[in-house]
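Got the viewer open? Let's take a walk through this one, stop by stop.

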Amino acid sequence: MIKLSRFVGKVSWLPLFLVVACCTGCAQLEQWTKPTVQGLVVAPSFTPDRLVVDGIDRVVVKNLASDIKVNPDALSPEVVAVLRDKRNEIKIKPGSRYVVHVTLLSNSVTKRTDDLDPDIYKYVTRTVKVNYVITDSMDADAEVWSGIIETSDETSASYKREKKQKKSDKVLDAVIESMTKSETYPYPEPPVFDTTLRWNFEGFALNLP
């Protein structure tokens with residue numbers, strides 16, 4: 001068993017440059033690990049300076065994912081919160097230039113098993129796909145940024161078969177195991193939808209100009 005310990009103490013003695021370096025490192029890590037935007041299209045006029053100066057008017061969310069029931073209106077504030085957290089230099093207020101359109105395309109859960117006798121591994125993966133479009137209200141609502149982001153998370157469980165002593169029991173054991181396999185070696189609970197979706201929103205914020 002691996003024991004985890006928690007360190008509690010004051011860090012006020014740390015040099016300021018070390019704290020700044022840690023924060024910079026976190027920002028770099030996020031940029032390196034951000035998800036890829038599929039089919040990314042960016043208008044030449046949609047520059048980082050333009051986005052910062054003119055800001056985002058509002059976020060509109062639609063849900064086309066039939067495999068999950070969510071209230072789109074409840075998700076708009078979440079997207080705004082993520083944008084403010086990850087890109088606080090971008091102002092978000094009514095009357096600004098750009099409108100963000102967020103469409104949930106799919107939310108799928110898949111299962112797989114790796115049977116490596118005597119070990120059995122069970123995996124459950126959740127994949128969320130979201131389409132993003134930004135329109136310019138000062139240019140007849142022309143699309144200036146669009147693309148699809150896919151994020152996924154995985155849970156796992158491992159089991160070890162007990163070795164059988166009698167060879168004559170192997171056939172019977174195999175039959176019983178095949179009938180009760182799902183109960184004996186259950187799949188773990190799938191990853192949380194809200195967490196996987198938030199990673200998607202964060203990927204969008206980090207991929208903006």
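One term before we set off: a residue is called buried when its relative accessible area is under 20%, exposed when that figure is over 50%, and partly exposed in between. Keep in mind too that this is a predicted model.

**Stop 1: the sheet.** Switch to a cartoon view and find the five strands that make an open sheet. Reading across, the order is β1-β5-β4-β3-β2, and the pairing is mixed. The edges belong to β1 (37-42) and β2, each with a single partner strand, so one side of each has no neighbour in the sheet. On average, neighbouring strands are turned by 20° against each other, direction ignored.

**Stop 2: β4 and β5.** Select residues 119-136 for strand β4 and 142-160 for strand β5. The two run antiparallel and are joined by 18 bridges. Now show the side chains of Asp 119 and Lys 160: Asp 119 stands opposite Lys 160 in β5. Their side chains meet in a salt bridge, 2.7 Å from N to O. Because Asp 119 sits in β4 and Lys 160 in β5, the pair ties together parts that are 41 residues apart in sequence. Buried or exposed, what is Asp 119? With a relative accessible area of 19%, Asp 119 is buried, whereas Lys 160 is exposed at 57%.

Stay on these strands and select Glu 150 and Lys 129. They form another salt bridge, with the closest N and O atoms 3.5 Å apart. Here too the pair links distant parts of the chain, Glu 150 being in β5 and Lys 129 in β4, 21 residues apart. Glu 150 is partly exposed at 36% relative accessibility, and Lys 129 is partly exposed as well, at 26%.

**Stop 3: more salt bridges.** How many salt bridges does a search of the whole structure find? The count is 13. One of them joins Glu 89 to Arg 87, where the closest N and O atoms are 2.7 Å apart. Glu 89 is partly exposed, with 38% relative accessibility, while Arg 87 is buried at 11%. Next, select Arg 50, Asp 54, Arg 97 and Asp 136 together: salt bridges link these four in a network.

**Stop 4: helix α3 and a loop.** Select 72-86 to bring up α3. This helix packs on the sheet, where α3 touches β2 and β3 (98-116), and its direction makes about 135° with that of β2. The loop between β2 (56-63) and α3 holds Ser 66, which is exposed, with a relative accessible area of 65%. Try a distance label from Ser 66 to Asn 107: they are 41 residues apart along the chain, and their C-alpha atoms are separated by 8.1 Å.

**Stop 5: helix α5.** Finish by selecting residues 193-207, the 15 residues of helix α5. Its end C-alpha atoms are 21 Å apart, which agrees with the 21 Å span expected at 1.5 Å a residue. Which strands does α5 touch as it packs on the sheet? They are β1, β3, β4 and β5, and the direction of α5 makes about 140° with that of β5. Eleven of the 15 residues of α5 are buried, so the helix is largely enclosed by the rest of the structure. Colour those buried residues to see them; among them are Phe 193, Leu 197, Phe 201, Phe 204 and Leu 206.

Key
Residues numbered from 1 in each chain as written. Predicted model: local features only at pLDDT ≥ 70, side-chain atom pairs only at ≥ 80, totals over all residues. Heavy atoms only, no water. Buried < 20%, exposed > 50% of the residue type's maximum accessible area, 1.4 Å probe, protein only. Helix = DSSP H or I, 4+ residues; strand = E, 2+ residues; numbered from the N terminus. Expected span 1.5 Å × (residues − 1). Pairing = 2+ DSSP bridges. Axes fitted to C-alpha atoms, helices over the stretch in contact; angles between N-to-C directions. Contact = heavy atoms within 4.5 Å.
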